[in-house]
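Q: I'm new to this structure and would like a close look at one small part of it. Pick a loop, tell me what sits around it, and then show me a few other spots worth a visit.

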Amino acid sequence: MINFTSSNWAAVIDTPETSYKRPTFGKSIQKLNRSIEDDRNHRKMTTLTPTPANSTSTPITHTLSTWLEELTPESIPVEVRERAKYLILDGLACALLGARLPWSVKAHDAITTIEGQGKCTVIGWNETLSPNAAALLNSTFLQGFDLDDIHVEAPIHTMSVILPAILAAAEQEHGGSTRPISGNDFITATVAGCETGPRVGYALGGTHMLTIGWHCGAIFGPAASAAAVSKLLNLPAAQIEDALGMACTQACGLMSAQFESMVKRMQHGFASRSGVLATYLAKQGFTGIKEIFDREYGGFLKMFSYGAETERKYYPEEVCKGLGEVWQTKKIKQKLHALCAVSHCTVDCIKDLQAMYPAKMGEWKKIVKIEAEMARAAMKKGGWAPEKPATATAAQMSIPYAVALQVLDGEIVPGQFAPGMLNREELWDVIRLVECREAKELDNTWAQRVKITFEDGEVVEKLLKAPKGVHPGVTNEEVLQKWRAVTKGVISEERQKKIEEVVLNLEEVEDVAGVLGELLRGETVNVLQ
């Protein structure tokens with residue numbers, strides 16, 4: 001059960017796995033290990049060594065574009081449409097929270113200096129910009145506190161890419177010659193993006209992109225944005241293909257941004273903006289790269305798979321595999337800690353140990369070593385210790401820093417990342433005790449193991465298959481709880497209720513831009529002040 005308060009978003013998690021002490025490994029741990037092994041084998045079969053699905057001569061990119069053109073609200077299962085609304089609500093919570101954070105203010109000031117006014121809302125600022133600039137800034141806000149969603153197998157923060165793009169496009173079209181963008185249009189465009197981005201991710205090996213240093217969501221994201229905006233504007237398949245080609249040629253995102261840079265918060269925004277730009281170019285008849293997912297020389301999949309450590313480099317058949325049957329929207333999960341996703345299982349392991357051994361874990365000064373084992377992708381992404389003094393970006397990206405927060409404070413809350421709290425000396429005392437390492441038996445899973453050794457020689461250990469949010473997932477009701485907790489104090493209660501009502505009844509909204517834009521435009525409060 002998740003218990004939110006106004007200052008604490010961390011979940012109070014009751015997991016069935018049993019904590020244990022070395023050297024005794026009970027049957028429950030052996031059973032969990034077998035479960036993890038089964039998950040890893042299934043993952044390899046379904047995504048890393050797939051059976052080719054595109055056995056015809058039709059180019060993959062054309063097949064995807066045609067499917068997107070033909071996608072209708074009626075062709076999307078009811079539960080997928082419903083889930084999309086809660087993804088939107090969660091994304092808006094993150095954007096409203098992030099709009100006035102210190103790094104968001106710097107981004108806002110820079111972009112508004114060089115961009116002219118337009119029709120598109122800048123969330124939380126009572127301002128409007130051009131669609132490209134609005135998409136970039138709103139995505140930066142949405143990613144601003146690392147609390148946004150993630151696809152569990154082909155990592156991309158979907159709403160950070162899709163939601164700012166389609167909101168900007170809807171407002172750009174508002175008042176034009178065509179009919180207003182309805183709530184049903186908005187939901188369908190959201191699903192189009194949610195289905196496209198992860199499929200491109202699978203085609204590049206999913207989490208493997210992290211291991212070679214790409215910020216994978218920023219690589220998978222341009223196609224997701226282009227697909228969503230193309231669907232929103234009702235483009236035909238040929239122009240969708242142009243938009244995909246032009247979006248993908250703009251893709252980039254370096255994972256080295258996580259160590260100290262504010263630009264990590266903006267890289268999904270580059271992807272969101274790329275899709276908007278590409279789609280409006282395509283709409284005007286500007287031709288893009290055809291067959292972007294099929295071409296060998298200079299093709300998207302071929303080029304971004306250079307440096308891959310796997311025997312197979314890329315998997316083009318994954319782009320269209322299970323279209324309309326396997327819904328990737330269902331695999332997009334909400335985060336419950338304002339931390340990099342790969343640190344969540346480590347934090348949950350420590351939370352469980354704190355619940356099992358409250359007195360022992362309360363004596364953190366008697367800890368001599370904290371060992372955290374994880375999959376290769378998690379190790380490459382988050383298994384590094386930040387340098388002193390840490391920036392907020394580095395703190396949220398580093399597993400050792402997350403460990404220190406949980407060990408010291410017993411929770412993860414926004415105030416811990418305020419300037420005066422970020423570099424407390426006792427945090428560094430704990431960080432120096434943390435050793436992260438790759439465990440091959442955990443590869444291709446979310447599982448992590450934490451072992452803590454004390455001065456008296458006692459060792460406590462915890463293994464979890466996945467963090468809360470991934471397994472089990474966050475329910476729609478829990479998303480609603482998160483929305484209310486995250487936005488409390490950021491916007492007024494009246495505004496909170498109005499946005500909630502609009503989003504959860506989107507099917508009844510005739511003009512999304514006219515209703516939602518106005519509600520999002522009002523100023524917000526910086527919770528780190």
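A: First, a bit of vocabulary: helices (H or I, at least four residues) and strands (E, at least two) are DSSP runs, numbered from the N terminus. The model is predicted, so local features need pLDDT of at least 70 and side-chain atom pairs 80 or more, while totals for chains, interfaces and linings use all residues. Residues count from 1 along each chain as its sequence is written, and side-chain values use heavy atoms, with hydrogens and water left out.

Our loop is the one between helix 9 and helix 10, where you'll find N234. Its phi is near 60°, a positive value in a residue other than glycine. Most residues other than glycine have a negative phi.

N234 also turns up in a pocket (on a 1 Å grid over the protein atoms alone, an open set of points with protein on both sides within 12 Å along at least five of seven lines; a cavity is instead a set where a 1.4 Å probe fits but cannot get out; lining residues have an atom within 4 Å of a point). This is the second largest pocket, lined by 15 residues, with R179, I181, L232, L233 and N234 nearest its centre. It holds about 280 Å³ of space, where a volume is the space filled by probe spheres set on grid points joined across faces, edges and corners. Helix 7 (183-203) and helix 9 (216-232) each put at least two residues into that lining, and helix 7 gives the most, with 3. Sorted by class, the lining has 6 nonpolar, 4 polar and 5 charged residues (Ala, Val, Leu, Ile, Met, Phe, Trp, Tyr, Cys and Pro are nonpolar; Asp, Glu, Lys and Arg charged; the others, Gly among them, polar).

On the other side of the loop, helix 10 (residues 237-248) meets helix 2 (residues 60-70): their axes come within 8 Å and cross at roughly 120°. Axes are lines fitted to C-alpha atoms, for helices over the stretch in contact, and angles run from 0 to 180 degrees between N-to-C directions. The two helices are therefore oblique to each other, since angles under 35 degrees count as roughly parallel, over 145 as roughly antiparallel, 65 to 115 as roughly perpendicular and the rest as oblique. Their crossing is right-handed, meaning the near helix is turned clockwise from the far one by less than a right angle, with anticlockwise being left-handed. Helix 2 brings T61, H62, L64, S65, T66, L68 and E69 to the contact, and helix 10 brings A237, I240, E241 and L244; contact means heavy atoms within 4.5 Å. That makes 5 nonpolar, 4 polar and 2 charged residues.

Now for the other spots. Helix 5 (residues 131-142) packs on helix 6 (residues 158-173) at about 145°, axes 8 Å apart, and this crossing is right-handed too. Here 9 nonpolar and 4 polar residues touch, and no charged ones.

Most peptide bonds are trans. K388 and P389, though, are joined by a cis bond, with P389 in the loop between helix 15 (376-382) and helix 16 (392-397). The bond from H471 to P472 is cis as well, and P472 sits in the loop between strand 8 (459-464) and helix 19 (476-487).

Last stop: the whole structure has 2 cavities of 30 Å³ or more. The largest has a volume of about 70 Å³, and its lining includes I150, W446 and V470.
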